[in-house]
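Colleague: I would like to go through the cysteines and the buried parts of this model. Please set each value against its rule.

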Amino acid sequence: MSSALSNLSSADALLEQTHRSVKISVIISLGVMVTLGNIAVLLVISSSVAGWSRNSRYFLLSLTAADSAFGLLVMPLNLWVSLLKEHTEGPDALCHVVAFCNGTVYTTCMYTLASISLERYVAVFYPLKYSSLMTKTRTLLLIAFSWCVPPLLLLPISFPDGVIEVHFSTASLVCNPTYSTNVAYSLSLACLIFFPCSIIMTFANLRVWCAAKRQRLKLRKYACAQRRRRNIASRVLVPVMAAYYTCWTPCMAAMIYNAISGKNVPEWIEFVVVWLPTSNGFLNCIFYFWINRSFRRKFHLILQRIALALCPELANTLGCCHHSNAHFISEVMDNSIVHERSSSVSSTCTLLSVA
């Protein structure tokens, strides 16, 4: 009997270790993808991009920084605590700090996404007033709000002896607050973070999508556009909103469920819903950047410039002439600076253009 129990416990321990290895592999792979994707984005938008205004780049730089924090801060901190938990029961104080960092990065990302949607809405519906409505000062204030308010909202989580208990979850390998210990605070976070950001994003993007659809129908009616013209609104706005709700809704639903019922969701469901928002940091690279032609051109030109600087022979083997490419890159880079406009024309701001 004791032998059977021993074999059963050994099998359970082996299964748990296998699950843990799979989870760590998924987390590391996700962190690498998010980090590399946002480094590529940072290389491009740190300088001028044709068709992107200065304010647009500020917001997108803020989003890139928030997304990069997933791979550079959230993932290493939680894996570090996971390794420490193999040798000790603590440290609880460190887990509070890690949970505070997790929540701050997540909240900053949501606020930044909402700010981008708001800026895009103003650019599309008030193009003539854009310069007066979205001044540099207001843009920086919105970005400062996105980064400074989350730490204030989540400050109670950072105190080891505070009103919010924090535990390390072996299911998700994350330091999670125990929201059931303070239901009012947990629901307040949802009302101050997820729901306002979701309302702003849904309203702004839906209005832009409807305006683009009306414009497209008008162009068809007056034979100003072909029927084969690609529906840019559906190609950009629909994936952006679908990715947002797919990544963030399960996590917030699990938090609210834990706060109200006091129970945790099953192990793998918890792992997926906790780390799913991190994948939004990689999807943002695709929907906000790589789908934009100006961004792809600029990234290709940067790669050409790096290749010419590091290995001119390699560039020649690829069919590139050193002098002609250098002149071409310089010319295009200069043109991108000249053509920078005062109104925001990021991916979805080009929805109402004819050309």
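Modeller: A disulfide is a pair of cysteine sulfur atoms within 2.5 Å. This is a predicted model, where local features need pLDDT of at least 70, side-chain atom pairs count only at pLDDT 80 or more, and totals for chains, interfaces and linings use all residues. Residues are numbered from 1 along each chain as its sequence is written, and side-chain values use heavy atoms, leaving out hydrogens and water.

Colleague: What makes C95 and C175 a disulfide?

Modeller: Their sulfur atoms are 2.2 Å apart, and the cut-off is 2.5 Å, so the pair counts as a disulfide. The count by this rule is 1 disulfide. C95 sits in helix α3 and C175 in strand β2, 80 residues apart, so the pair links distant parts of the chain. Here helices (H or I, at least four residues) and strands (E, at least two) are DSSP runs, numbered from the N terminus.

Colleague: Why is the disulfide of C95 and C175 called left-handed?

Modeller: Because the torsion about its S-S bond is about -105°.

Colleague: How do you know whether C197 is in a disulfide?

Modeller: C197 is in none: the nearest cysteine sulfur, that of C109, is 9.6 Å away.

Colleague: Why is C197 called buried, and C210 partly exposed?

Modeller: Buried means under 20% relative accessible area, exposed over 50%, and partly exposed in between (1.4 Å probe, protein chains only). C197 has 2%, so C197 is buried; C210 has 29%, so C210 is partly exposed.

Colleague: What makes N102 buried?

Modeller: N102, in helix α3, has 7% relative accessibility and therefore counts as buried.
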